[in-house]
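Good morning, colleagues. I should like to take a few minutes to go through one structure with you, moving from one region to the next.

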Amino acid sequence: MREAHSAESRPYHHGDLRRALVGAARRLLESEGPTALSLRAVAREAGVSPAAPYHHFKDKSELLDAVAHEGWEMLHAAMGQAKAGAEGRQQLTALGLAYVCFAREHPALYRVMYDAARDKEALPINVSDGAEDSAYCMVRDTMIEHGADPDAGRDLELATIASWCAAHGLAEMAGFKQFEPFKTQLGGEKAFFEAVLNHMGLFPTAHRDC
């Protein structure tokens with residue numbers, strides 16, 4: 001009774017509660033999987049009363065949508081950092097690698113991101129504040145920066161979709177045991193991802209010093 005009273009007496013509006021709840025949900029998701037998620041479990045993880053999440057989310061589905069949105073923002077940040085750390089046309093390969101590595105490092109979050117998109121039958125292209133500020137648009141814009149015709153219209157959009165699908169497909173298949181020999185031969189998982197992306201012809205071949 002004392003613990004319950006203590007939890008209920010906590011002020012639910014400490015700092016940014018919504019962000020705290022989303023962060024708690026993501027931690028539970030990545031450590032225990034989606035079946036462990038409930039508004040009560042998230043409240044417990046965030047250290048707030050069981051009623052507190054209902055000030056921001058009417059149900060688990062809304063909470064998962066918020067978690068998915070944060071996942072897309074994390075992916076955007078990871079791809080942006082990868083692009084900034086690469087030079088020239090290798091930036092395109094860096095974007096693909098960042099995408100696949102994100103999916104591998106956050107498998108449960110990645111699954112929720114696409115589950116939410118499938119439920120809405122729409123890829124959340126505009127996942128940040130501005131319509132052009134998204135991971136998807138970053139791929140398209142990087143292509144333009146390195147020679148794609150910005151007025152190509154349909155062809156440019158198809159090239160962007162193809163590149164996105166290539167990275168997504170590789171992320172889905174990356175853990176298959178049949179690929180282990182190639183990973184060993186090429187010097188590791190990341191090198192394997194890079195080689196596959198380059199062989200698809202969607203990203204420029206990386207030039208390595210001999």
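Please keep in mind that this is a predicted model. I begin with what surrounds helix 10: the cover over its buried residues includes helix 5, helix 8 and helix 9, the last of these spanning 180-186. Helix 10 itself runs over residues 189-199, and its buried positions are Ala191, Phe192, Phe193, Glu194, Leu197 and Asn198.

Two of those covering elements also pack against each other. Helix 5, residues 90-105, and helix 8, residues 154-173, meet at an angle of about 35 degrees, and their axes lie 9 Å apart. The crossing of helix 5 past helix 8 is right-handed. Which residues make the contact? From helix 5 they are Gly96, Tyr99, Val100 and Ala103, and from helix 8 they are Trp164, Ala167, His168, Leu170 and Ala171. Sorted by class, this contact comprises seven nonpolar residues and two polar ones, with no charged residues. As general background, an α-helix has 3.6 residues a turn, so residues three or four places apart point the same way.

I turn finally to a single residue, Ser31, which belongs to helix 2, residues 17-32. Is Ser31 buried or exposed? Its relative accessibility is 55%, and Ser31 therefore counts as exposed, the cut-off being over 50%. The side chain of Ser31 comes to 2.8 Å from the backbone oxygen of Arg27. Ser31 and Ala108 are separated by 77 residues in sequence, yet their C-alpha atoms are 8.7 Å apart in space.

Thank you for your attention.

How values were computed:
Residues are numbered from 1 along each chain as its sequence is written. This is a predicted model: local features need pLDDT of at least 70, side-chain atom pairs count only at pLDDT 80 or more; totals for chains, interfaces and linings use all residues. Side-chain values use heavy atoms; hydrogens and water are left out. Axes are lines fitted to C-alpha atoms, for helices over the stretch in contact, and angles run from 0 to 180 degrees between N-to-C directions. Helices (H or I, at least four residues) and strands (E, at least two) are DSSP runs, numbered from the N terminus. A crossing is left-handed if the near helix is turned anticlockwise from the far one by less than a right angle, and right-handed if clockwise. Contact means heavy atoms within 4.5 Å. Ala, Val, Leu, Ile, Met, Phe, Trp, Tyr, Cys and Pro count as nonpolar, Asp, Glu, Lys and Arg as charged, and the others, Gly among them, as polar. Buried means under 20% relative accessible area, exposed over 50%, partly exposed in between (1.4 Å probe, protein chains only). A polar contact is a pair of N or O atoms within 3.5 Å; within protein, one must be able to donate a hydrogen and the other to accept it, and residues adjacent in sequence count only if both atoms are side-chain atoms.
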